[in-house]
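Me: I am new to this structure and should like to understand the reasoning behind its description. Kindly take the questions in turn.

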Amino acid sequence: MKGFVPRPFGRPVPPALVVWLALIWVMLWGEVSVGTVLGGLLTGAITTWLLPLPALDPGIRIRPLKAVSFLLWFTADLVNSTARVVLWVLRTGSPPSGIVRVRLRTSSESMIMMIMVAVSTVPGSLVLEAHPDRRELVLHVLGRTGDLTSLAQRDVSGLESRIVSAFGTRADREELR
């Protein structure tokens, strides 16, 4: 019975979506009562039946242990990068910076978007341009010394591996091998 979707008159009515819409309905009414809940369920069922959503696959699969591992690593990277940028701010003079191009190994738009968000969230790095067709990102890197291109490529490659491992489909993971 897993994944059961009723089909009154041949149209799907996903129960999870109906419950979600009923919850929103109850919150909009501001009171929990039998009538509000039943009205929300009825409204949700009618709405999903009249206006069916297309089936979409966002291309994201969550592997809980890998996701927790990624989040712990990402938190540590945030702390480390914040400390590095703060140290450069406290020094006199301008910090080293540069614009670099990095190649990605994944072609998944979902994975590229997650990589871009993660890179831009970390202090000291920002995605300036994305070229998914070429699997390439253009980054601004701040507060790093040495060969910025190889440092950025190494950091983004590690980030890409962690994100794809935690959230990618089987095809995404095989693409990185």
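**Charges, shape and strands**

Reply: In this predicted model, the 19 positive and 13 negative charges of the protein have mean positions 5 Å apart.

Me: What makes a residue count as positive or negative here?

Reply: Lys and Arg count as positive, while Asp and Glu count as negative. His is not counted, so it adds nothing to either total.

Me: How do you know how the protein compares with a compact globule of 177 residues?

Reply: The globule rule is 2.2 Å times the number of residues to the power 0.38. For 177 residues this gives a radius of gyration near 16 Å, but the protein has 23 Å. The C-alpha trace spans about 65 × 40 × 30 Å along the principal axes.

Me: What share of the residues is called buried, and why?

Reply: Buried means under 20% relative accessible area. Of the 177 residues, 30% count as buried.

Me: Why are strand 2 and strand 3 said to pair?

Reply: Two strands pair if DSSP finds at least two bridges between them. Strand 2 (residues 125-131) and strand 3 (residues 136-142) have six bridges, in the antiparallel sense, and therefore pair. Leu126, for instance, has His140 in strand 3 as its bridge partner.

Me: What lies between the strands of this hairpin?

Reply: Four residues lie between strand 2 and strand 3, and in this hairpin Arg135 takes a positive phi near 55 degrees.

Me: Which pattern do the helices and strands follow along the sequence?

Reply: The protein has six helices and three strands, in the pattern α-α-α-β-α-β-β-α-α.

How values were computed
Residues are numbered from 1 along each chain as its sequence is written. This is a predicted model: local features need pLDDT of at least 70, side-chain atom pairs count only at pLDDT 80 or more; totals for chains, interfaces and linings use all residues. Side-chain values use heavy atoms; hydrogens and water are left out. Helices (H or I, at least four residues) and strands (E, at least two) are DSSP runs, numbered from the N terminus. Buried means under 20% relative accessible area, exposed over 50%, partly exposed in between (1.4 Å probe, protein chains only). The place of a charge is taken as NZ of Lys, CZ of Arg, CG of Asp or CD of Glu.
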